[in-house]
Amino acid sequence: MALLCCHDHVLWLVNMTSAGEKQHYALVLVKHLFEHLPTTMTVGLLYDIGCQLEHSCCKWKLLDDEVLARLKFGISVFHAYGHQWPCQIIYHPCKCVGFGLSDGEGCEQLWSSLKMLIPIL
């Protein structure tokens, strides 16, 4: 799993040791990011299941309240258009203030460019 900036440059990578996209991988990346940012900075997070991640963070207190207050969740464009989720309008990056024209598909492009390095098992 990767954390990219708004310019689609890789900030950090984590090695996934279990199948599927588990929320704890994304949470580790977010926590690590906030350790390196000024306490006044707000972050927009585009994630395939951003609505579910926000719900889990609020329900189970997976992130500190100070971090949650500075975090704006969104869904990457491909997933916002590809599914008929009730939250897709609320979390659509083009309809949320602060995301600009970001589409959140930098990770998909990264994996596409690296696919020849991933062994097929």
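Q: Which residues does Ser56 touch, not counting residues up to four places away in sequence?
A: This is a predicted model: local features need pLDDT of at least 70, side-chain atom pairs count only at pLDDT 80 or more, and totals for chains, interfaces and linings use all residues. Residues are numbered from 1 along each chain as its sequence is written, and side-chain values use heavy atoms, with hydrogens and water left out. Contact means heavy atoms within 4.5 Å. Not counting residues up to four places away in sequence, Ser56 touches Gln23, Lys61 and Leu62.

Q: Is Ser56 buried or exposed?
A: Ser56 sits in helix 2. Helices (H or I, at least four residues) and strands (E, at least two) are DSSP runs, numbered from the N terminus. Buried means under 20% relative accessible area, exposed over 50%, partly exposed in between (1.4 Å probe, protein chains only). The relative accessible area of Ser56 is 12%, so this residue is buried.

Q: Which residues of helix 2 are buried?
A: Ser56 is on the list, at 12% relative accessible area. Gly50 also lies in helix 2, with a relative accessible area of 0%. The full set of buried residues in helix 2 is Gly50, Cys51, Leu53, Ser56 and Cys57.

Q: How far apart in space are Gly50 and Gly74, C-alpha to C-alpha?
A: Beyond its neighbours within four places in sequence, Gly50 is in contact with Phe73, Gly74 and Ile75. In sequence, Gly50 and Gly74 are 24 residues apart. From C-alpha to C-alpha, their separation in space is 5.4 Å.

Q: Which element gives the most to the largest nonpolar core?
A: A nonpolar core is a set of buried Ala, Val, Leu, Ile, Met, Phe, Trp, Tyr and Cys residues joined through side-chain atoms within 4.5 Å. The largest one has 23 residues, and Leu53, Cys57, Leu63, Leu71 and Phe73 have the most contacts inside it. Helix 1 (23–35), strand 3 (43–46), helix 2 (50–60), helix 3 (65–69) and strand 4 (71–74) each supply at least two residues of this core. With 7 residues, the element giving the most is helix 1.

Q: Which residues is Leu63 in contact with, leaving aside its neighbours within four places in sequence?
A: Leu63 is one of the residues with the most contacts inside the largest core. Leaving aside its neighbours within four places in sequence, Leu63 is in contact with Leu27, Val30, Lys31, Cys57, Leu68 and Leu71.

Q: What is the phi of Lys61, in degrees?
A: Lys61 comes just after helix 2, in the loop between helix 2 and helix 3. Its phi is positive, although Lys61 is not a glycine. The value is near 55 degrees.

Q: Which residue meets Lys61 in a salt bridge?
A: A salt bridge is a side-chain nitrogen of Lys or Arg within 4 Å of a carboxyl oxygen of Asp or Glu. The structure holds 1. Lys61 is exposed at 57%, while its partner is partly exposed at 49%. The N to O distance is 4.0 Å, and the partner is Asp65.

Q: Where is Asp8, the residue with a phi near 65 degrees?
A: The phi of Asp8 is positive, in a residue other than glycine. Asp8 is partly exposed, with a relative accessible area of 39%. Its place is the loop between strand 1 (2–4) and strand 2.

Q: How many disulfides are there?
A: A disulfide is a pair of cysteine sulfur atoms within 2.5 Å. The closest cysteine sulfur to that of Cys6 is in Cys5, at 5.2 Å, which is too far for a bond. Cys58 is in no disulfide either, with the nearest cysteine sulfur, that of Cys57, 6.8 Å away. By this rule, the count of disulfides is 0.

Q: Which residues is Cys96 in contact with, leaving aside its neighbours within four places in sequence?
A: Cys96 lies in the loop between helix 5 (88–91) and helix 6 (106–114). Its relative accessible area is 9%, so Cys96 is buried. Leaving aside its neighbours within four places in sequence, Cys96 is in contact with Lys72, Ile90 and Tyr91.
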